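Student: I should be grateful for a close look at a single part of this structure, namely the sheet and the helices that lie against it. Please define each term as it arises.

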Amino acid sequence: MAEIPSTKRWLPLEANPDVMNQFFWGLGVPPDEAECYDVYGLDDELLEMVPKPVLAVLFLYPITLQSEEERILQDSAKTEPSSGVYFMKQTVGNACGTIGLLHAVGNITSEIKLVEASYLDRFFKSTANMDPSERAAFLENDREMEVAHSVAATAGETEASENVDAHFVSFTCVDGQLYELDGRRSGPISHGASSSSSLLRDAAKVIQGMIQKNPDSMNFNVIAISKKVAEG
């Protein structure tokens with residue numbers, strides 16, 4: 001949710017699973033396909049409490065001088081991602097929560113069945129062959145998403161304000177690699193080998209490293225997007 005070079009700014013999304021669920025269920029992820037859950041801690045015992053399988057992880061962290069310097073450094077050393085990674089740039093201020101969800105869902109469409117002709121179904125089909133900047137422009141001009149984001153942003157428990165200093169990124173596994181997806185970066189960041197069964201643990205290790213660099217901050221939040229498994 002940091003400064004982005006665009007005149008357009010949205011209200012930020014709250015890091016709240018209930019808000020996220022209503023948001024992406026309303027856009028075309030069926031409630032019986034996937035659901036967002038709080039991750040209450042990053043040790044093994046608390047990770048075990050998160051419903052499995054985990055398809056993606058959303059992470060909200062504070063923007064600091066150090067995190068900005070690291071972002072620039074990582075961008076300069078970026079490796080080429082798998083061609084199968086869905087990635088888009090962020091040009092709208094405070095849109096990082098929505099872009100985090102789009103990054104998450106865009107990379108798990110083989111795992112979940114979107115409602116046919118729903119917003120997300122149409123969005124991913126429309127942007128499938130676009131580059132990251134073209135996808136950003138498509139979103140910036142998309143009135144339907146802007147309205148849906150606004151509704152979700154005002155549904156949280158805290159009063160929405162444009163002045164925030166925190167940012168959402170998402171983690172997901174594509175072609176056996178853990179990727180950090182952040183629309184403010186030049187591309188996806190690979191964090192090494194991963195799998196559907198180890199995604200949450202692997203993402204937690206990366207997140208722990210990021211938290212350790214900001215030991216005085218309390219402004220962290222981790223949300224898992226888990227596949228709903230039919231009981232029987």
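Tutor: The account below begins with the sheet and then turns to its helices and loops.

This is a predicted model, in which local features need pLDDT of at least 70 and side-chain atom pairs count only at pLDDT 80 or more, while totals for chains, interfaces and linings use all residues. Residues are numbered from 1 along each chain as its sequence is written, and side-chain values use heavy atoms, with hydrogens and water left out.

Helices (H or I, at least four residues) and strands (E, at least two) are DSSP runs, numbered from the N terminus. Two strands pair if DSSP finds at least two bridges between them.

The sheet is open and consists of six strands, arranged in the order β1-β6-β2-β3-β4-β5 with antiparallel pairing. Because β1 (34–38) and β5 (189–193) stand at the edges and each has a single partner strand, one side of each is left without a neighbour in the sheet. On average, neighbouring strands are turned by 20 degrees against each other, direction ignored.

Consider next strand β4, which comprises residues 177–181 and is joined to β5 by three bridges. Here Glu-180 stands opposite Ile-189 of β5, and Tyr-179 has Ser-190 as its bridge partner. Five bridges pair β4 with β3 in the antiparallel sense, and Val-174 stands opposite Gln-177. Four of the five residues of β4 are buried, where buried means under 20% relative accessible area, exposed over 50%, and partly exposed in between (1.4 Å probe, protein chains only).

The hairpin of β3 and β4 has two residues between the strands. One residue of this loop is Asp-175, whose phi is near 50 degrees, a positive value in a residue other than glycine. In general, most residues other than glycine have a negative phi. Asp-175 counts as exposed, at 61% relative accessibility.

We now come to the helices. Helix α1 (residues 17–27) packs on the sheet and touches β1, β2 (54–62), β3 (166–174) and β6 (221–227); contact means heavy atoms within 4.5 Å. The direction of α1 makes about 165 degrees with that of β1. Axes are lines fitted to C-alpha atoms, for helices over the stretch in contact, and angles run from 0 to 180 degrees between N-to-C directions. Helix α4 (residues 96–106) lies across β2, β3, β4 and β6, and runs at about 0 degrees to β3.

At the N-terminal end of α1, Asn-16 acts as a cap, with a side-chain oxygen 2.8 Å from the backbone nitrogen of Asp-18. Just after α1, Gly-28 takes a positive phi of about 130 degrees. The buried residues of α1 include Pro-17, Met-20 and Phe-24. Asn-21 also belongs to α1 and is buried, with a relative accessible area of 3%. Beyond its neighbours within four places in sequence, Asn-21 is in contact with Gly-26, Glu-35 and Cys-36.

Finally, α1 meets helix α7 (residues 143–153): their axes come within 10 Å and cross at roughly 155 degrees. The two helices are therefore roughly antiparallel, since angles under 35 degrees count as roughly parallel, over 145 as roughly antiparallel, 65 to 115 as roughly perpendicular and the rest as oblique. Val-19, Phe-23 and Leu-27 of α1 make the contact with Met-145, Ala-148, His-149 and Ala-152 of α7.

Note on methods
A polar contact is a pair of N or O atoms within 3.5 Å; within protein, one must be able to donate a hydrogen and the other to accept it, and residues adjacent in sequence count only if both atoms are side-chain atoms.
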